[in-house]
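Q: Please examine the model shown below. The questions that follow ask what supports each description given to it.

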Amino acid sequence: MGLLVDGIWHDQWYDTTANGGAFKREQSRLRHWITANGEPSPAAPTQEAFLAESGRYHLYVSLACPWAHRTLVFRQLKGLEQHITVSVVSPDMGELGWTFDRDAGSDGDDLYGFQHLHQIYTLNQTKYTGRVTVPVLWDKKTKRIVSNESAEIIRMFNSAFNHITGNEQDFYPSHLRPIIHQINDTIYEAVNNGVYRAGFATSQHAYETAYTELFAALDETERRLTTQRYLAGNTLTEADIRLWTTLIRFDTVYHGHFKCNRQRLEDFPNLSNYTRELYQLNGVAKTVNFDQIKRHYYASHRQINPTGIVPSGPDIDFNRSHNRTHG
Ligand SMILES: N[C@@H](CCC(=O)N[C@@H](CS)C(=O)NCC(=O)O)C(=O)O
């Protein structure tokens, strides 16, 4: 686990000592945009624009990673499987970071035959400095990274390829944007990143702060889902997908491995039904791989789980019925 400094790999984990034991996630650094006509996006006018084209782009993902998982769900829901290719890294993230080790569960790197994901980052920019994270949206034509920020990749997938796919479903409708932004801000800090803040904390105080904020946000969401079907009302939006990739992992890894154990997700009636509803949406279940999820967290984070033993359970049937048909 490490990062690149001037294009050289360093095996180095996040330093929590400077922050009183709190985990601080690094901001994504590569933030260009794909647009339908190749003109700069109003969302990022100063960033370079890439033209949406079928077959031109490639996603590098880990099936374990909740951030990468968002992009796979969008690829599925927006009918992009035929247009955007994918490589899956190995669930093991060791001293050389994400690898394409087929024996450890990767698909391999079909584009360049690389062994490590950091080689993609240095192919993009020889002297790159920063963490080597998934997801990566890669342009095969110019051999450049378009983006390594999942929140922005899903917005591109939401609309930039509509003229190619004919899929007009809008998970980021203009009239709901203010509420979507508000929900995203809370859910990102307290839940998506909150489980990591609890799990990677190296002081009791930092852990307890994250834990308290996490369960307060889950309690609030549970209440919200009593009167409405989805987070922003009765329309499924990106806010739901962003929350869901954390919820689907909750009982399997965050409850035990990250010590988010006030209760299980299964113990929240609305949240657990909602999680099953989204799991059962068209094509979504095939984006979920619990073997790789468990393997990544329990075997890669040796600072938390030194033996690397991967637990056998839990055994949860996400295909059983849910009650989220109202609204
Ligand atoms: N903000 C990024 C975060 C991505 C991220 O942190 N991915 C994790 C895997 S779950 C990673 O690759 N971590 C490697 C590292 O931090 O060195 C996004 O949402 O795309």
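Q: Which residues of H3 are buried?
A: The model is a predicted one. In H3, the buried residues are Ser-150, Glu-152, Ile-153, Ile-154, Arg-155, Met-156, Phe-157, Asn-158 and Ser-159.

Q: What makes H3 largely enclosed by the rest of the structure?
A: Nine of the ten residues of H3 are buried, so the helix is largely enclosed by the rest of the structure. Its buried residues pack against strands E3 (33–35), E10 and E11 (144–147), and against helices H1, H4 (162–165) and H8 (238–254).

Q: Why is the chain called as compact as a globular protein of that length?
A: The secondary structure comprises ten helices and eleven strands. For 327 residues the globule rule gives 20 Å, and the radius of gyration of the chain is 19 Å, close to that value; the chain is therefore as compact as a globular protein of that length. The C-alpha trace spans about 50 × 45 × 35 Å along its principal axes, and buried residues account for 42% of the 327 residues.

Q: Where do the domains of the chain lie, and how many residues does each give to the contact?
A: Domain 1 covers 3–165 and domain 2 covers 174–282. The contact takes 14 residues from domain 1 and 16 residues from domain 2. On the side of domain 1 that touches domain 2, helices H1 (66–77) and H3 (150–159) each supply at least two residues. The largest share of that side, five residues, comes from H1. By class, that side of domain 1 has seven nonpolar, five polar and two charged residues.

Q: Why are Cys-65 and Tyr-196 said to gather at one spot?
A: UniProt, in an unreviewed entry, lists Cys-65 and Tyr-196 under "active site". They span 132 residues in sequence, yet no two of their C-alpha atoms are more than 11.6 Å apart, so they gather at one spot.

Q: Why is Cys-65 classed as buried or exposed?
A: Cys-65 has 25 other C-beta atoms within 10 Å, and a residue is buried if that number is 20 or more; Cys-65 is therefore buried. This residue is placed in the loop between strand E5 (57–61) and H1.

Q: How is the exposure class of Tyr-196 known?
A: Tyr-196 has 17 C-beta neighbours inside 10 Å. A residue is buried at 20 or more and exposed at 12 or fewer, so Tyr-196 counts as partly exposed. Tyr-196 lies in helix H6 (residues 194–199) and touches Phe-23 and Arg-25, not counting residues up to four places away in sequence.

Q: What residues surround the ligand, and how are they divided by class?
A: The residues surrounding the ligand include Met-1, Ser-28, Cys-65, Trp-67, Arg-131, Val-134 and Glu-149. The shell has six nonpolar, four polar and two charged residues. In the unreviewed UniProt entry, the feature "binding site" includes Arg-131 and Val-134.

Q: Why do Arg-131 and Val-134 fall into their exposure classes?
A: Arg-131 has 19 C-beta neighbours inside 10 Å and therefore counts as partly exposed, since a residue is buried only at 20 or more. Val-134 has 24 such neighbours and so counts as buried. Arg-131 lies in strand E9 (residues 130–131), whereas Val-134 lies in the loop between E9 and strand E10 (136–139). Leaving aside neighbours within four places in sequence, the contacts of Val-134 include Cys-65 and Trp-98.

Note on methods: Residues numbered from 1 in each chain as written. Predicted model: local features only at pLDDT ≥ 70, side-chain atom pairs only at ≥ 80, totals over all residues. Helix = DSSP H or I, 4+ residues; strand = E, 2+ residues; numbered from the N terminus. Rg over C-alpha atoms; globule rule 2.2 N^0.38 Å. Near = placed C-beta within 6 Å. Nonpolar A, V, L, I, M, F, W, Y, C, P; charged D, E, K, R; others polar. UniProt positions renumbered as here; feature names shortened; annotations may be inferred. Contact = placed C-beta atoms within 7 Å. Domains from an automatic or database assignment.
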